[in-house]
Amino acid sequence: MGLEKLHPFDAGKWGKVINFLKEEKLIGDDLIVQAREATDEDLLVVHTRRYLNKLKWSFVVATITEIPPVLFLPNFLVQRKVLKPLRTQTGGTIMAGKLAVDRGWAINVGGGFHHCSSDKGGGFCAYADITLAIKFLFERVPGVSKATIIDLDAHQGNGHERDFMDDQKVYIMDVYNRYIYPGDGFAKRAIKRKVELEWGTEDTEYLQKVHTHVEGALNELKPDIIVYNAGTDILDGDPLGGLAISPQGIVKRDEVVFKAARSRRIPILMVTSGGYQKRTARIIADSILNLHNLGLIDKELVASEAENSKVEKMIRDSVTDLTNLSL
């Protein structure tokens, strides 16, 4: 309704990524799994009823999304125009978690609402999709009992950190600008591998730290699933991120994470999270193309690995096929 023009986030980013990938002939409509909107029942796996009821107040949604005019809209419009797209992206992350286990990898071109926890939204994030994806896998997919979150958005992922504060089954690595939102000291206690960056950190230092700590995290604990929060707000010039990573640096960063996952045969789910410049859609698309060109994402990839990994067993033993999963 034009409200997106009042917000730093490019609301068309996800569609642009898909269009770029179609132009490059990497994907077609027949290869895209359409996300289904997460229902209240799905959301209650993590969220409290009290929190979901709060979202029925437009001023609460206006505060979370930081779009003041939303305050004056009837809530039925807020539900349809603001929250339904976010619920659909949340459903997409849950579905992508199951796909990642089945196929070895999955990318939700969206999601990554890492500032939302079970009972509190914030920082543009209304639903805790990362927490939900992990909880769904733990509860509904046999063989998945340990997860590692690699959060490389420029901001601290305080939402999933609060949700998994005392959960030894979830290992959190977070690399972020120490000086920006949210500065959640309590949530930091949940981070097993914390990398706090200075203003204007550039490619060389950044990539060295990412490589060292991703390897260290995965050597410390081999999870059954990696959830990779691949925010592009680390890009040089981002108005909110405060870092100075080049487009090539972002492409390389994603390559580092996927190589680490693939070399260990760990399923990986990627979500795209923050990024507040118009050019981030092209960078995300270029990164996905690079992953494909390197053979790190491919339709046939898992077939050659399944014999010696848990993927085959998960597919065989899973009690819920993706098409029957309640979403």
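Lys252 and Glu255 lie 3 residues apart in helix H10 (residues 247-263), which means that about one helical turn separates them. In this predicted model, the two residues form a salt bridge whose closest N and O atoms are 3.1 Å apart. The partners differ in their surroundings, because Lys252 is partly exposed at a relative accessible area of 35%, whereas Glu255 counts as buried at 10%. Elsewhere, salt bridges that share partners join Arg178, Lys188, Glu196 and Glu198 into one network. The points below begin with the chain as a whole and then turn to its parts.

**The chain as a whole**

- The protein chain is built with 13 helices and 6 strands, and 59% of its 327 residues count as buried.
- Among contacts in the protein chain with a separation of 6 or more, 72% are between residues that stand 24 or more positions apart.
- About 13,900 Å² of the protein chain is exposed, and carbon and sulfur atoms supply 52% of that area.

**The sheet**

- The 6 strands form an open sheet in the order S1-S6-S5-S2-S3-S4, and their pairing is parallel.
- Strand S1 (105-108) and S4 are the edge strands, each of them pairing on one side only.
- From one strand to the next, the twist averages 10°.
- As a general point, strands of a sheet pair through backbone hydrogen bonds, in either a parallel or an antiparallel manner.
- Strand S2 (residues 147-151) pairs with S3 in the parallel sense over 5 bridges, and within this part of the sheet Ile149 stands opposite Ile172 in S3.
- Strand S3 (residues 170-177) is also joined to S4 by 5 bridges, with the two strands running parallel, and here Met173 stands opposite Arg193 in S4.

**Strand S4 and helix H9**

- Side chains alternate along strand S4 (residues 193-197), so that a reader who follows the strand finds Arg193, Val195 and Leu197 pointing to one face, where they are buried, while Lys194 and Glu196 point to the other and are not buried.
- Helix H9 lies across S2, S3, S4 and strand S5 (225-229), and it runs at about 170° to S4.
- Glu220 forms a salt bridge with Arg193, in which the closest N and O atoms are 2.9 Å apart.
- Because Glu220 belongs to helix H9 (residues 203-220) and Arg193 to strand S4, this pair ties together parts that are 27 residues apart in sequence.
- Is each partner of this salt bridge buried or exposed? Glu220 counts as exposed, with 51% relative accessibility, while Arg193 counts as buried, with 18%.

**Salt bridges in the structure**

- The structure holds 17 salt bridges, and one of them is formed by Lys22 and Asp29, whose closest N and O atoms are 2.6 Å apart.
- Lys22 is partly exposed, with a relative accessible area of 30%, and Asp29 is exposed, with a relative accessible area of 58%.

**A buried arginine in helix H10**

- Arg253 is found in helix H10, and at 0% relative accessibility it counts as buried, because the label applies to residues under 20%.
- Which residues does Arg253 touch, not counting those up to four places away in sequence? Arg253 touches Leu152, Tyr206, Leu207, Val210, Tyr228, Ala230, Gly231 and Ile234.

**A nonpolar patch on the surface**

- Trp57, Phe59, Leu71 and Phe72 form a nonpolar patch on the surface, and together they have about 510 Å² of accessible area.
- Within this group, Leu71 is placed in the loop between helix H4 (58-65) and helix H5 (75-103).
- Leu71 counts as partly exposed because its relative accessibility is 41%, a value that falls between the limits of under 20% for buried and over 50% for exposed.

Methods. Residues numbered from 1 in each chain as written. Predicted model: local features only at pLDDT ≥ 70, side-chain atom pairs only at ≥ 80, totals over all residues. Heavy atoms only, no water. Patch = residues over 30% accessible without salt bridge, like charges linked within 9 Å, V, L, I, M, F, W, Y side chains within 5 Å. Areas by Shrake-Rupley, 256 points an atom, 1.4 Å probe, with all protein chains shown as cover. Salt bridge = Lys/Arg side-chain N within 4 Å of Asp/Glu carboxyl O. Helix = DSSP H or I, 4+ residues; strand = E, 2+ residues; numbered from the N terminus. Buried < 20%, exposed > 50% of the residue type's maximum accessible area, 1.4 Å probe, protein only. Pairing = 2+ DSSP bridges. Contact = heavy atoms within 4.5 Å. Axes fitted to C-alpha atoms, helices over the stretch in contact; angles between N-to-C directions.
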